[in-house]
Amino acid sequence: MAPQKLVVIGTGMASGRLLEHLFEIAPGAYEVTLFNAEPRGCYNRIMLSPVLSGEKSFQEIVTHDEAWYEDHGVTCRFGERVTAVDRDRKVVVGEKGEVAYDKLVIATGSAPFIIPVPGKDLKGVVAYRDLEDTNAMIEAAGNPGSRAVVIGGGLLGLEAAAGLRLRGMEVTVLHLMGHLMERQLDASAGHLLKQDLERRGIEVMLQASTQEITGTGKVEAVKLADGTELKADIVVMAVGIRPETTVAKAAGLEVGRGMVVNAQMESVSDPDIYGLGECVEFDGAVFGLVAPLYDQAKVLAKTLAGEADAFTVRQLSTKLKVTGCDLFSAGDFNDGEGRQDIVFRDPARGVYKRLVIENDRLIGAVFYGDTADSNWFFGLIQTGEDISANRDTLIFGPAYQGGASVDPLAAVAALPDEAEICGCNGVCKGQIVTAIENGASDLAAVRAVTKASGSCGTCTGLVEQVLAVTLGDEFSMPAEQPMCGCTDLTHEDVRRLIKGQELKSMPAVWQAGAWKTPDGCHSCRPALNFYLLADWPVEYKDDPQSRFINERKHANIQKDGTFSVMPRMWGGITTPDELRAIADAADKYKVPTVKVTGGQRIDLLGIKGEDLPAIWADLNAAGMVSGHAYSKGLRTVKTCVGTDHCRFGTQDSTGLGIKLEKALWGSWTPHKVKLAVSGCPRNCAEATCKDVGVICVDSGYQIGVGGAAGMDLKETERLADAKTEEEAIELAIAFIQLYRENARYLDRPYKWLGKVGLPWVKARVVDDLAERRRLVDAFLLSQTIYQKDPWAEHVREQAERYAPIADITLEAAE
Amino acid sequence: MDTAVDTLVRPFIDVSEIWVPEGDRLAHAGGNYGDLSEFGSISEQITFGKGEGLPGRAWAQGRPVVLKQFDGSNFCRTEAATAAGLSAAVAIPVFNNAKLMAVLVVLCSDSEERVGAVEVWEEHDGLLMLQDGYYGAAKHFEWVSQHTHFPRGQGLPGGVWASNTPILMRDLGSGYKFIRADSAGKAGLTTGLGIPIPVPGNRTYVLTLLSALGTPIAHRFEIWDCRPSAVGSDHAAVLIDGICAREGPLWSEDNERRIKAWEGQVGKVLGSGLPVVAKGLAGSARYGGFVGLPIYHDGSVARIVAWYC
């Protein structure tokens, strides 16, 4: 039988693989004509990244050279674009003439997605798809001191960034999302990857939204939505791809997101036309990784050879081609009901492993730093095997299966004497054992003698295990409770760790603190969020998702689901205009209850969630801001009238109260903080049961701290006496900052003072003037970021969040 | 391909030898002396104390050492080396944490035609600076290198430093444009192998071998990964990159090349944890000589680089 005419449009990796299979299973069945708009044949496109970096040459990644095409009788029409397909006459129209076909394969691949920002067409803005793009980048790297901005922190963008860096460029990666490669990695692995790239001198900016690319004639800079401007000699857009369907559309074939094909890769519109690769859509899915394309090629070769086969979508895995970055991800690792995580972290080696299990089956895996067993895990995901029998040791990989469960003490016992236990202070197991043998019988004693666990604290558990191994039952593990089930570290350990290792993001803490969960829990996240923003106000970005509902909504939720709104009244002083505005708001929003609070404020109770932005806007318009009645932060400063009106007043207590409130409002603290200033020892403002209470006396101001009048009742203790108002304010700020820096989350100041003791606080806040100055400066720096009215911010940026999603009652009634 | 070379060409490195600690001295543990058998037989009979001669100096100083002039140095075999036409040497210590495992010494002869580079880069204040290097006739490139520094992640040395992984670069002269590339291209340097050299303490050293078409350092380069995090609990290694004058690219996305300890010369490096120098190899890598260098990390061999002359 005479061979049929097969025309293939596109020489991507899929069509190369198709021809290999076809010539193998049906040699001589087809006369093949191959079109390619690029002036070359098939090469291994996914290896362009090492070509960009210089770690491979282009010749090495060519998969089919001229000789191969010649040997297989393929007519090559490279560098020639297909302009039309005439399905009636069954001809493909190229720029240089027509070719008749019996069967046609459209394998036109994908086109890069270019974000529609001003300047996207400037010279120097390139995508990253083919050799031309790669060469343009290599060319750009040729100028000394040149700078690249890569938009997109996915696979391609990061490979481009690493390649350009190796070529000698200064590289910045802009990524819109909160962590890199968010489709393939979770936040913890994304954090390790970011660290890895930063070690290579690549700057990574997350949540960075590109607003404009600027330049005269050629690209010169990239402007971000937050106003940042980055100089750039080249901008690489690697934000995604979309199926290239121009030829399929022009041929009148059905095209959705891609050219629609059935499981035999046949166009649903024409049985003689087939689709292959990134240009197709099958069962609603489009494809970007190479593995499914190879599967398609195999199926299509069989279809063309008259054999039966069907394409099915299977699980995919991802690896990043950046030398020295070991990462792997496969399957589904999103959170979901009924899903459980097994997490293993080794902070010292930078290893993170996470398995996602559902119904006793492994459905997803993310590994960073140790990918040795990734194929084994990928196999488990693909087969859907029941893993319940091996669940305890699953995370340790195939080598541990069938063995006894791992005892951490056995591992510690097996460590040689020279094994380093405390990396910060360079303390080996042998030194700790010697200290224990010489009488150190608990953690504190070992820490005092050897310094082990005295710095960042991550090795505390290990030191305790050495104690347990050495002393046997003479040592009992301390009763101090860990922060939550996610970690073995206590709150205090975590605070030390954040400061000691300069950890500035939650994923960094999870990794360094060997969290057993992928992304914390409802218990540790609010605490971590506070610790990070308190220690790194500039670098860390507040995470509203890690806050309790009251702080997320900026209002206290009531038992009927409505909210309370309480505007700030500085020092408890108000005006007729403010009162009128409050009254108007109460009328307008039908507020059922208006209450004067113990802290000298007016609380509006019973407000519907959807009315919150509007009532805030009205109160804002009258000059009032949020009273933060819901926050772990400064609540109120209660005052008495002081010298202005009172016969007994010794100082301007109202004025000082207002000054204190204006200095402190908006700050986040481990728990709520209430202040009061009384104008004389008669103490009308009840300052002696506040977290910070000032009693004015003739000689100045008595600053008391650590009072309580709730579940516990406690009188303040005298921190210091101040001669001037300025000194009183400084002492109050320094005390609150010390509390912010050291207390555990949800400890009121009196509880914290009970742990550290007043002398410890006095030594820092009162006696050490330099430390007091540092504390005040640190607080003021934090206030430059956090002292803002959340009402105004939410009214401006997030009003739609408060609208009800749908009025279900109405729909039901209709 | 552009890295293909005529195997008859005399390579840039003439002699490779291994020294291992025995008691408090370094003893000869193998070498490939090519035609210079007299120098070889003299070398086999001597040992070095800590600080003595070139290997002893690398041991004592805990870093790679480049020696470009034997006269006036503490090189112990000056007379024999000069008689053999050798004029420069580089000693590369192999440390497992603080423990010296061996010293690999390579020696080169001076000639107007011999182009190549063996360089040692050292970190100072966050930048890699050239500690020293031997360049043969590539004098201009030597000058450029002396006036170049590499931040983390940039260029071959900076890339090796940042990734803590050996890297094999192609087309140093054409595509590798910015950093020293112009001069590298003019000198005919095409392929570069960068190797992290772990030493005791917090110092960073990177060794680079830059090979020219005419006088290649080697005809075949291989990089093997043997970290447990890459190969699992097997005592094995996988080839992660390589290039060969005869076979072309050695890496394969689809077919992983894997060896176990003691399988072949690379397996011997893995099994013994020591560098291996061999000559007259059989099989696909049938070149005149083999050098395999283990790179330790966290107390075990993490990677092996091998070159075949």
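Start by selecting B:Asp298, which lies in the loop between strand S18 (289-297) and strand S19 (300-308) of chain B. The model in your viewer is a predicted one, and the tour goes through it stop by stop. The phi angle of B:Asp298 is near 55°, a positive value in a residue other than glycine. Most residues other than glycine have a negative phi. Is B:Asp298 buried or exposed, or something in between? With 13 C-beta neighbours inside 10 Å, B:Asp298 counts as partly exposed, because a residue has to have 20 or more such neighbours to be buried and 12 or fewer to be exposed.

Now select B:Asn97, which sits in the loop between strand S5 (86-96) and strand S6 (99-109) of chain B. Here too phi is positive in a residue other than glycine, with a value near 50°, and B:Asn97 counts as partly exposed, with 13 C-beta neighbours inside 10 Å.

From there, move to B:Val103, which is one of the residues with the most contacts inside the largest nonpolar core, together with B:Val106 and B:Ile304. That core has 99 residues. If you leave aside the neighbours within four places in sequence, B:Val103 is in contact with B:Trp19, B:Leu26, B:Pro55, B:Ala58, B:Trp59, B:Ala91, B:Ile92 and B:Pro93. Another core, of 69 residues, lies apart from the largest one, and to find it you can select A:Ile138, A:Leu155, A:Ala189 and A:Tyr352, which are among its members.

Next, colour the two chains separately and look at where they touch: 28 residues from chain A and 29 residues from chain B take part in the contact. On the side of chain A that touches chain B, the elements that give two or more residues are helix H3 (58-61) and helix H6 (155-166) of chain A. Which classes of residue make up this side of chain A? Its residues divide into seven nonpolar, 11 polar and 10 charged.

Show chain A alone for the next part of the tour. Chain A has 27 helices and 38 strands, and its C-alpha atoms fill a box of roughly 115 × 75 × 65 Å, taken along the principal axes. Of the 814 residues in chain A, 47% are buried.

Zoom in on A:Thr11, in the loop between strand S1 (4-9) and helix H1 (13-25) of chain A. A:Thr11 is buried, with 27 other C-beta atoms within 10 Å. Not counting residues up to four places away in sequence, A:Thr11 touches A:Gly16, A:Leu34, A:Asn36, A:Gly41 and A:Cys42. You may like to draw a distance from A:Thr11 to A:Gly41, since these two are 30 residues apart in sequence and 5.9 Å apart in space, C-alpha to C-alpha.

Now go to the open sheet of five strands in chain A, whose order is S32-S33-S34-S35-S38, with mixed pairing. The edge strands are strand S32 (634-639) and S38 of chain A, each of which pairs on one side only, and neighbouring strands of this sheet are turned by 15° against each other on average, direction ignored.

Walk across the sheet from strand S33 (residues 673-678) of chain A, which pairs with S34(A) in the parallel sense over four bridges, and where A:Leu675 stands opposite A:Val692 in S34(A). Strand S34 (residues 692-697) of chain A is then joined to S35(A) by six bridges, the two running antiparallel, and they form a hairpin with two residues between them. In this pair, the bridge partner of A:Gly693 is A:Gly704. Strand S35 (residues 700-705) of chain A is mostly covered, with five of its six residues buried. On the way to the edge, S35(A) pairs with strand S38 (residues 717-722) of chain A in the antiparallel sense over five bridges, and A:Ile703 stands opposite A:Ala720 in S38(A).

Finally, add H22(A), which lies across S33, S34, S35 and S38 of chain A and runs at about 145° to S38(A). Helix H22 (residues 725-742) of chain A also packs with helix H25 (residues 769-786) of chain A at an angle of about 75°, with their axes 8 Å apart, and H22(A) and H25(A) are therefore roughly perpendicular to each other. To see where they meet, select A:Glu730, A:Ile733, A:Ala734, A:Ile736, A:Gln737 and A:Leu738 in H22(A), and A:Arg772, A:Leu775, A:Val776, A:Ala778 and A:Phe779 in H25(A). By class, this contact has eight nonpolar, one polar and two charged residues.

Terms used
Residues are numbered from 1 along each chain as its sequence is written. Chains are lettered from A and ligands numbered from 1 in the order in which they are written. This is a predicted model: local features need pLDDT of at least 70, side-chain atom pairs count only at pLDDT 80 or more; totals for chains, interfaces and linings use all residues. Two residues are in contact if their C-beta atoms, placed from the backbone, lie within 7 Å. Ala, Val, Leu, Ile, Met, Phe, Trp, Tyr, Cys and Pro count as nonpolar, Asp, Glu, Lys and Arg as charged, and the others, Gly among them, as polar. Axes are lines fitted to C-alpha atoms, for helices over the stretch in contact, and angles run from 0 to 180 degrees between N-to-C directions. Angles under 35 degrees count as roughly parallel, over 145 as roughly antiparallel, 65 to 115 as roughly perpendicular and the rest as oblique. Two strands pair if DSSP finds at least two bridges between them. A nonpolar core is a set of buried Ala, Val, Leu, Ile, Met, Phe, Trp, Tyr and Cys residues joined through C-beta atoms within 7 Å.
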